[in-house]
Structures are given as C-alpha cells and as structure tokens.
Amino acid sequence: MAALTDEIKAVFAKNKIFPVATASKKGIPNVAPIAFVQLVNDSTIWIGDNYMDKTLANVRENPHAAIHFWDPETKKCFQVKGDVAVHTSGENYEKMKKMIKAKNEAYPAKSLLVLSITEVFECTPGKTAGKKVL
Ligand SMILES: Cc1cc2nc3c(=O)[nH]c(=O)nc-3n(C[C@H](O)[C@H](O)[C@H](O)COP(=O)(O)O)c2cc1C
C-alpha cells in the first residue's frame, strides 16, 4: 500500500473527471472517463460504477486499475496504480450509492470499485517524467 502525500492530494483535488484505465486478462487495454472518483483515505480511492461495461468486466477478471490526474496551473501530474475490489453490497457500497443518488436519483449506482493504491509515478513533463514517487 502507498499513502498519497499532501502534494499529490492537492493535485488530485484539482480534477473533476479521471481517466480510469484497466486491462482484460488477455491484456487488451481500456480507458473510461469517470467523475465519481473519491479519495477516502491516503491509500484508498472509491470509484462509482453507474455505466461501466468493459471497465467492470476487466477488473472482475484482472483486478488492477490506473488513473492519472494533473494540475493545469503547476503542470504537476501523477499516475496512481492499485488493486481493485468490486463491491455490490455492504456498508461501503451503500455509502457510495447514497452519495451517487444524492447527485442524481436516476444514476443506477451498480457497484463500488475500491482501489487500494500500490504505486504512484510522476507524469509531469520533464526530467522526472515516468519516475516512481511512491
Ligand atoms: C464526463 C464523464 C463522466 C462520467 N462519469 C462516470 C462515472 O462516474 N461512473 C460511471 O460508471 N460512468 C461514468 N461515465 C460513463 C463512462 O465513462 C462510460 O459508460 C464508459 O463508456 C464506460 O464504459 P467501459 O467501461 O466499457 O469503458 C462518465 C462519462 C463521462 C463522459
């Protein structure tokens, strides 16, 4: 598990839509724009599934995902990778469902993807690009 630093969390907070990348067991990649991406503690991100198709199928057979986020003012950019658990019931699922329904009752809130952060890399253009930070 890796714990995001205050600097990384500040960049995360600047983003509204996150590209969520997954891969099938065969290694076919997929990336989807997702708005319901919440940092619940320094090592855990909740991702709300309303309309996922390939993303959900991928994490069910290959439970890993990556996101990136950046700050257009400072140009700081980070890639976060982690292990994913899919919840369709239980306390955390119900909490996420409540948050999603509060935004729009019509959202189906099918499942909650819990991303446990394992690694963080820089994607800021320049000398440190691609380097592991956590
Ligand atoms: C701006 C934007 C925000 C979105 N936010 C979400 C979201 O929070 N949850 C979700 O399940 N789908 C969301 N979607 C829809 C998915 O990106 C879309 O259903 C995508 O095709 C998923 O399919 P896939 O899993 O096959 O890639 C969003 C789409 C856009 C354009």
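This is a dialogue in which a biologist asks how to read a predicted model and a modeller answers.

Biologist: Let's start with the sheet. How many strands form the open sheet, and in what order?

Modeller: A general idea to begin with: strands of a sheet pair through backbone hydrogen bonds, either parallel or antiparallel. Here 7 strands make an open sheet, and reading across you get S2-S1-S5-S6-S7-S4-S3, with antiparallel pairing. S2 and S3 are the edge strands, each pairing on one side only. On average, neighbouring strands are turned by 30° against each other, direction ignored.

Biologist: Okay, let me go through the pairs. How many bridges join S6 to S7?

Modeller: That antiparallel pair has 10 bridges. If you want a place to look, find His 87, which stands opposite Leu 112 in S7. On the other side of the order, S1 (residues 18-23) and S5 are joined by 2 bridges, also running antiparallel. Ala 21 stands opposite Ala 66 in S5 there.

Biologist: And what does S4 pair with?

Modeller: S4 has S7 as one partner, through 6 bridges in an antiparallel arrangement, and Ile 45 faces Leu 115 of S7 across that pairing. Its other partner is S3 (residues 37-41), antiparallel again, with 4 bridges. S3 and S4 form a hairpin with 2 residues between them. Two facing pairs help you trace it: Asn 41 stands opposite Thr 44 in S4, and Val 37 stands opposite Ile 47 in S4.

Biologist: Is S4 mostly covered or mostly open?

Modeller: Mostly covered: 5 of the 6 residues in S4 are buried. Take Ile 47 as a case. Skipping neighbours within four places in sequence, Ile 47 is in contact with Val 20, Ile 34, Phe 36, Val 37, Leu 113 and Leu 115.

Biologist: That sounds like part of a core. Which residues have the most contacts inside the largest nonpolar core?

Modeller: The core has 25 residues, and those with the most contacts inside it are Ile 45, Ile 47, Ala 65, Ile 67, Met 96, Leu 113 and Leu 115. The elements giving two or more residues to this core are H1 (6-12), S4 (44-49), S5 (64-70), S6 (77-87), H3 (91-103) and S7 (111-122). S7 gives the most, with 4 residues.

Biologist: Now the helices. Which strands does H2 lie across?

Modeller: H2 lies across S1, S2, S4, S5, S6 and S7, and runs at about 50° to S1. H3 packs on the sheet as well, touching S4, S6 and S7, and its direction makes about 95° with that of S7.

Biologist: Pick me a residue in H2. Is Ala 57 buried, partly exposed or exposed?

Modeller: Ala 57 sits in helix H2. Ala 57 counts as partly exposed because it has 14 C-beta neighbours inside 10 Å, and a residue needs 20 or more to be buried. Ala 57 is also a nice example of sequence against space: Thr 22 is 35 residues away in sequence, yet the C-alpha to C-alpha distance is 9.4 Å.

Biologist: What about the ligand? Which residues come nearest?

Modeller: There are 15 residues around the ligand, and Ala 32, Tyr 51, Asp 53, Lys 54 and Thr 55 come nearest. S2 (29-34), S4 and H2 (54-61) are the elements that give two or more residues to that shell. The largest share, 4 residues, comes from S2. By character, the shell divides into 8 nonpolar, 4 polar and 3 charged residues.

Biologist: Last one: backbone torsions. What should I look for?

Modeller: The rule of thumb is that most residues other than glycine have a negative phi. Lys 75 has a positive phi, near 70°. Lys 75 lies in the loop between S5 and S6, and it counts as exposed because it has 11 C-beta neighbours inside 10 Å.

Biologist: And how does Ala 109 look, buried or exposed?

Modeller: Ala 109 has a positive phi too, near 45°, and is found in the loop between H3 and S7. With 21 C-beta neighbours inside 10 Å, Ala 109 counts as buried.

Definitions and conventions. Residues numbered from 1 in each chain as written. Predicted model: local features only at pLDDT ≥ 70, side-chain atom pairs only at ≥ 80, totals over all residues. Core = buried A, V, L, I, M, F, W, Y, C linked by C-beta atoms within 7 Å. Buried ≥ 20, exposed ≤ 12 C-beta atoms within 10 Å, placed from the backbone. Contact = placed C-beta atoms within 7 Å. Near = placed C-beta within 6 Å. Nonpolar A, V, L, I, M, F, W, Y, C, P; charged D, E, K, R; others polar. Pairing = 2+ DSSP bridges. Axes fitted to C-alpha atoms, helices over the stretch in contact; angles between N-to-C directions.
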